[in-house]
Each structure stands twice: as C-alpha cells, then as structure tokens.
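Open the model in your viewer and keep the sequence panel beside it. Each stop below gives a selection and what to look for there.

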Amino acid sequence: MQLDERLPPTRRRGRRPRLTPPSRGVKVASYCLMAATLLLVMLRGLLPGLLTVCLGFLLTRWLSARLRWLPLRLRGSGPTLAAALVVLSPLLLTVLALSHSRSYILAAPAQYRELLDFLARTVLELRLKLPPDIAVQLPEGAPEIQRAIAAYLGAKAGALAMAGRVWLTGVLYAYVGLLIGALAAVRARGRAHGPLAQELTLRVARLGDAFRQIVAAQFWIASFNTLLTALFLLFVLPLWDMRLPYTPALITLTFVAGLVPIVGNLLCNAVITIVGLSVSPMAAVACLVFLILIHKAEYVINAKVVGQRTHMGVWELLSVMFVAEAVFGPAGLVAAPLFYAYLKKELAAARLV
C-alpha cells in the first residue's frame, strides 16, 4: 500500500487518467470558434469544401471498413488504399467523361446549327399565329436569332465569366475538401490533450454525425425523385406521343445529381428541359411544368425525410430553409438542413431542448 501510494495517480494499478471536465470558458470558446467557422464558410463560399470534407471522411472510413477482406499483410494499408481511391476517383471519372464526350464536342457546331434552324421554324410559326403588332417584334429567321444570341452573350460576357470563375473555384474547393477529408480519416488516432482541443473535437464529431444523417436522408429523397422522373419519362410522356432521347442517362443523372440537395435537382431539371426542347416546344413545356412541381414538392419532401432522420419538425426545417435561402441564397438552402441538425444536436446535448 505504501508503494502504491507513492506512484503517480495515473500508474496506480493501471488506472486510466480521469479527464477533468472543461471549464465554462473553454466550452464558450469552442462554441464561438465553431460558429465563426460556419459563418466564414457561408460568407466566403466555402460550403462545397466543407461538404466534401465530411463526404471524403465518411467515404474513406466506409471503404476502409469494406477492405477487411485483404490479406493480413496488406490489411494495415487498407485505410491508405481507401483514401487513395476516394482522392483519385474524381480524376478518373473526369478523364473518362472527357474521353467519351469528344464526339459530342466535335459535333457541337452541327448541333448548334440544328438548334438555330429549329428555333427559326418555331419563331416563324409564332409569327404566323400571333397578331401582326406582336409578331413584328420577333426575329425573322436564323440569322437574326444568331445575332440576338451573340448580342446577349456580349452584354452578359462579364457575368458569364464571373459565373464560370465561381463554378471553377467551387470545384477546386470541393476537390481540396475531399482530399482533406480523406487524409483526416487515415490520420493517426490519438487523444486530444488540451481541453479546448477536446471540445472542438466534440463539436466536429457532432457536425459529422449530423452530415451522416443528412446524407442518408438525401439518398431516399434522390431515390424518390428518380422514381417520379422515371415514371414521367417512361410512361407519362409516351402517352402523349412524346419520347425524350437518352432517357436512361437522364434517369441516372437525376439520381446522381439528386444526392446534392436542391442544386442537383436544379441541374438535372435544366438538362431534362433542354432535351425536351430538342424534341418539341410542347415536350419542353411539359417537362418544365413537371419539374417545377417536383422542385416545389422538394421543400416538403426534404423537410419531412430529413426531419424524421434528425428528429426535427417539418415546420422547423421549412422555416430554417426559407430564412437561410433569403440570407445566403441557394448555398443557404443547401446548408440549412445540415447546420440546423448540428444546432439541434448541440442544444440536445446541453439539455436545452
């Protein structure tokens, strides 16, 4: 007993060191740092990077768990192999997409000419059906349509260049975030020693848990949207003698893009409407009306499914999505379910709700 009392508390009979609870100031500092980080993400357009950090982390951990079938001598390198797959997969998919889209790029001039001819025929039909004082405002043929398009693009050149730069920056942030998440998933695990580091680790873990729940809910939302789109393209349009080309590819795009909240649906909606325009104006109108209805229903569906996964009321999530979109635009609409789910977790852990 005397020898045991002389030993340090951490070495007495193999006892584990007790972690002292953090002070109130440390907790408040961790909350402030987390809130400032999330606000900075929204103000500086870093949301794609934040989402892909979480996605890269979860994918690497998931793949690492699935690589346990490797031989024993290679099993230790499973996390590294999973991280390499996550990081290199976007690059390989980009190379494959560019190699397969070469024919479409080469055929773009001919397709542009066909589109101009189609628009010219449509405008001529409208000129014949509309009253003369309205019909005179429309272009007379393909050359005037081409000049109108060129004038519009020239007027919007600055805005288009800015939009292209924003998209390119977002893609770069997303890939860097994917890289950071994959590297974080394979880092050497160790206990954070400082009290502030422990609290920040807890904050990040709760944000990751909220992201995992949102992703699971978004999978079911994407599946539901894909089902409705498949029914519309395969059964509803053929009833009206309208069939869109590339229907299997459009259905696949609906599911893949639907995994990205709101923005993915807007992307596939635009693609389907353009393809419908290539068939006929009536098909484009039908696609546009259907997709607008789906997009509006997306608010309620998203709030219902995500609310069930994260134990939030539909009215809560709809209110948060509405306010976030008004403040931050489409990025706020994407971030609202994740940030609010994280906030609810923090409030529940503090026993405030």
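Where is the place of aspartate 241? Select it: aspartate 241 sits in the loop between α11 and α12, the latter covering 247-258. Check the backbone. Phi is near 60 degrees, a positive value in a residue that is not glycine. Now show the surface. Aspartate 241 counts as exposed, at 67% relative accessibility. Bear in mind throughout that this is a predicted model.

**Whole chain**

Zoom out and colour by secondary structure. You should see 16 helices and zero strands. The chain has 353 residues, and 32% of them count as buried. Among contacts with a separation of 6 or more, 67% join residues 24 or more positions apart.

**α2 against α11**

Select residues 24-43 for helix α2 and residues 195-239 for helix α11. Their axes come within 9 Å and cross at roughly 45 degrees. The limit for roughly parallel is under 35 degrees, and α2 and α11 are therefore oblique to each other. The crossing of this pair is right-handed. Show side chains on both helices. From α2, the contact uses Val26, Lys27, Ala29, Ser30, Tyr31, Leu33, Met34 and Leu38. From α11, Pro195, Leu196, Glu199, Leu200, Arg203, Val204 and Leu207 take part. By class, this contact of α2 with α11 holds eleven nonpolar, one polar and three charged residues.

Stay here and pick glutamate 199, in helix α11. Is glutamate 199 buried or exposed? Its relative accessibility is 7%, so it counts as buried. Leave out neighbours within four places in sequence, and glutamate 199 is in contact with Pro22, Val26, Lys27 and Ser30.

**α11 against α16**

Keep α11 and add helix α16, residues 330-349. The two pack at an angle of about 130 degrees, with axes 9 Å apart. Roughly antiparallel requires over 145 degrees; α11 and α16 are therefore oblique to each other. Here the crossing of α11 and α16 is right-handed. On the α11 side, select Arg203, Arg206, Leu207, Asp209, Ala210, Phe211, Gln213 and Ile214. Facing them in α16 are Pro337, Leu338, Ala341, Tyr342, Lys345, Glu346 and Ala349. The residues of this contact of α11 with α16 divide into nine nonpolar, one polar and five charged.

Arg203 and Leu207 deserve a second click. Both are listed in the contact with α2, and both are listed again in the contact with α16.

**Threonine 229**

Move along to threonine 229, also in helix α11. It has a relative accessible area of 5% and is buried. What does the side chain of threonine 229 reach? Draw a distance to the backbone oxygen of asparagine 225: the value is 2.8 Å. Next, show contacts, leaving aside neighbours within four places in sequence. Threonine 229 is in contact with Thr254, Ile272 and Phe290.

**Leucine 277**

Select residues 263-279 to bring up helix α13, and find leucine 277 within it. Leucine 277 is partly exposed, with a relative accessible area of 31%. Now add cysteine 287, ten residues away along the chain. The C-alpha atoms of leucine 277 and cysteine 287 are separated by 9.0 Å.

**Last stop**

Go to the segment after α16 and select arginine 351. Arginine 351 is not a glycine, yet its phi is positive, at about 60 degrees. With 76% relative accessibility, arginine 351 counts as exposed.

Note on methods: Residues are numbered from 1 along each chain as its sequence is written. This is a predicted model: local features need pLDDT of at least 70, side-chain atom pairs count only at pLDDT 80 or more; totals for chains, interfaces and linings use all residues. Side-chain values use heavy atoms; hydrogens and water are left out. Axes are lines fitted to C-alpha atoms, for helices over the stretch in contact, and angles run from 0 to 180 degrees between N-to-C directions. Helices (H or I, at least four residues) and strands (E, at least two) are DSSP runs, numbered from the N terminus. Angles under 35 degrees count as roughly parallel, over 145 as roughly antiparallel, 65 to 115 as roughly perpendicular and the rest as oblique. A crossing is left-handed if the near helix is turned anticlockwise from the far one by less than a right angle, and right-handed if clockwise. Contact means heavy atoms within 4.5 Å. Ala, Val, Leu, Ile, Met, Phe, Trp, Tyr, Cys and Pro count as nonpolar, Asp, Glu, Lys and Arg as charged, and the others, Gly among them, as polar. Buried means under 20% relative accessible area, exposed over 50%, partly exposed in between (1.4 Å probe, protein chains only). A polar contact is a pair of N or O atoms within 3.5 Å; within protein, one must be able to donate a hydrogen and the other to accept it, and residues adjacent in sequence count only if both atoms are side-chain atoms.
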